[in-house]
Amino acid sequence: MRLSEFDYALPEELVAQHPSAGRTQSRLLHLDASGAPHDLRFVDLPGLIAPQDVVVLNDTRVIRARLFGRKPTGGKVEVFVERIVAEREALALARAGHPLKAGHRLILGDGVEAEVLGREGDLFRVRFAEPVADVLERCGWVPLPPYIRHPPDAQDSERYQTVFAERPGAVAAPTAGLHFDHDMLEAIAGRGTGIARVTLHVGAGTFQPIRGDTLEEHRMHSERYDVPAQAVEKIEAARARGGHVLAVGTTVLRALESAARGGTLRAASGETDLFVSPGFEFRVVDRLLTNFHLPRSSLLVLVAAFAGLEATRRAYARAIAARYRFYSYGDAMLIEKPV
């Protein structure tokens, strides 16, 4: 399939620059199993979930991955930590006035020294003089996506993080989860619905466009994931009572379907580079809650694989016409797998 089939024009004013006043106060476009869209509010979600269902959340926690600094010569440097690989080493994207090379020394944050050890693909391996996690917590900035134009502030520190975030490691939020507050989660659980947790640490590659003209040319970036035995048990219990599996976000879907690559869902952890495109056989997920995604992105391709390309096109056209808010701080869409 050609990438041009996953393009659309979005008015710039529909790119949400700030979150809604309250986490649950966004809109919800419900795409039913026939592909028909329905305009709802996110507060309507609990009523769409049956007691026998299971809701699966991604409990990754966004780290303060962006650091600013300089070279000893005075040139400005920006380092975006993609992954901590050892206590004092990280793989990172880096920008400087002149290309960085192995041996270059950096002064980051409040004066922390670091050294570029070399390149690993698109990333640099950087050694810090202090534990990386400590440096990020003390000096790092919230890694807002490039389409959010304001500098991160105190509101972003709270709202670009889910209320159920526990396991640090993501450099981008699992944005479908940003719509939930504790009261809504309690309301869902109070109906008897199961709630399970998996982890997928969202990498910087989530913002990278698909390279090439066809989907077949694309190679997905690798991300760490963990589907624990407890989550598998809750999903199996929901299936046994006739319930459905609702994945909160594309990251949850990729984690669950990665763990089911052998044909059956099993507890699994490691790295996944699963690229979900039209024709993919979904073994676990019946319903997908997700935000609206960038054109020509792997996330939009995943949505089209789940909902159907034509249904996705119609839904996005309706969302634009109805002035839904798009991307990380935008509105949500609940998609039923077509029958």
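Is Thr250 buried or exposed? In this predicted model, Thr250 comes out buried, with a relative accessible area of 8%. The residue belongs to helix H5, which runs over residues 250-259. Once neighbours within four places in sequence are set aside, Thr250 is in contact with Leu288, Thr290, His293, Leu299 and Leu302. Two of these partners, Leu299 and Leu302, turn up again among the buried residues of helix H6.

As for the chain as a whole, the secondary structure comes to seven helices and 17 strands. The radius of gyration is 20 Å, close to the 20 Å that the globule rule gives for 339 residues, so the chain is as compact as a globular protein of that length. Laid along the principal axes, the C-alpha atoms fill a box of roughly 60 × 40 × 40 Å. Some 55% of the 339 residues count as buried. The accessible surface is about 14,500 Å², and carbon and sulfur atoms hold 50% of that. Contacts across long stretches of sequence are plentiful: among contacts with a separation of 6 or more, 73% join residues 24 or more positions apart.

Then there is the nonpolar interior. The largest nonpolar core has 71 residues, and those with the most contacts inside it are Val56, Tyr160, Leu253, Leu256 and Phe326. Helix H6 gives the most to this core, with eight residues. A second core, separate from that one, has 24 residues, including Ala92, Val112, Val126 and Phe128. Back in the largest core, Leu253 is in contact with Ala247, Val276, Phe282, Val285, Leu288, Leu302 and Phe306, leaving aside neighbours within four places in sequence. Leu288 and Leu302 are also on the contact list of Thr250.

Helix H6 deserves a closer look. In H6, 10 of the 10 residues are buried, so the helix is largely enclosed by the rest of the structure. Its buried residues run from Ser298, Leu299, Leu300, Val301 and Leu302 on to Val303, Ala304, Ala305, Phe306 and Ala307. They pack against strand E1, helix H5, strand E16, helix H7 and strand E17. Just after H6 comes Gly308, with a positive phi of about 100 degrees.

Helix H7 covers residues 309-321, 13 residues in all, and reaches 18 Å from its first C-alpha to its last, close to the 18 Å expected at 1.5 Å a residue. Which residues of H7 are buried? They are Leu309, Ala311, Thr312, Ala315, Tyr316, Ala319 and Ile320. Seen down the helix axis, these buried residues fall within an arc of 165 degrees, so they line one face of H7. The general geometry fits that picture: an α-helix has 3.6 residues a turn, so residues three or four places apart point the same way. The packing partners of the buried residues of H7 are strand E1 (27-31), strand E16 (287-291), helix H6 (298-307) and strand E17 (332-336). After H7 comes Arg323, whose phi is positive, near 65 degrees.

Ile320, found in helix H7, has a relative accessibility of 18%; with the cut-off for buried at under 20%, Ile320 counts as buried. Not counting residues up to four places away in sequence, Ile320 touches Tyr8, Ala9, Leu10, Pro11, Leu14 and Phe326. Pro11 lies 309 residues away from Ile320 along the chain, yet the two C-alpha atoms are separated by 8.0 Å. Phe326, another partner of Ile320, is one of the residues with the most contacts inside the largest core.

Two further buried positions round out the picture. Leu67 sits in strand E5, residues 66-70, and counts as buried at 0% relative accessibility. Residues up to four places away aside, Leu67 touches Val77, Glu78, Val79, Val81, Leu108, Phe128, Val135, Leu136, Cys139 and Gly140. Phe128 in that list also belongs to the second core. From C-alpha to C-alpha, Leu67 and Pro143 are 9.4 Å apart in space and 76 residues apart in sequence. Thr24 is placed in the segment before E1 and is buried too, with a relative accessible area of 13%. With residues up to four places away again left out, Thr24 touches Phe42, Val43, His179, Asp181 and Met184.

Terms used: Residues are numbered from 1 along each chain as its sequence is written. This is a predicted model: local features need pLDDT of at least 70, side-chain atom pairs count only at pLDDT 80 or more; totals for chains, interfaces and linings use all residues. Side-chain values use heavy atoms; hydrogens and water are left out. Helices (H or I, at least four residues) and strands (E, at least two) are DSSP runs, numbered from the N terminus. The expected span of a helix is 1.5 Å times one less than its number of residues. Buried means under 20% relative accessible area, exposed over 50%, partly exposed in between (1.4 Å probe, protein chains only). The arc is that of the directions from the helix axis to the C-beta atoms. Contact means heavy atoms within 4.5 Å. A nonpolar core is a set of buried Ala, Val, Leu, Ile, Met, Phe, Trp, Tyr and Cys residues joined through side-chain atoms within 4.5 Å. The radius of gyration is taken over C-alpha atoms; the globule rule is 2.2 Å times the number of residues to the power 0.38. Accessible areas come from the Shrake-Rupley method with a 1.4 Å probe; for residues, only the protein chains shown count as cover.
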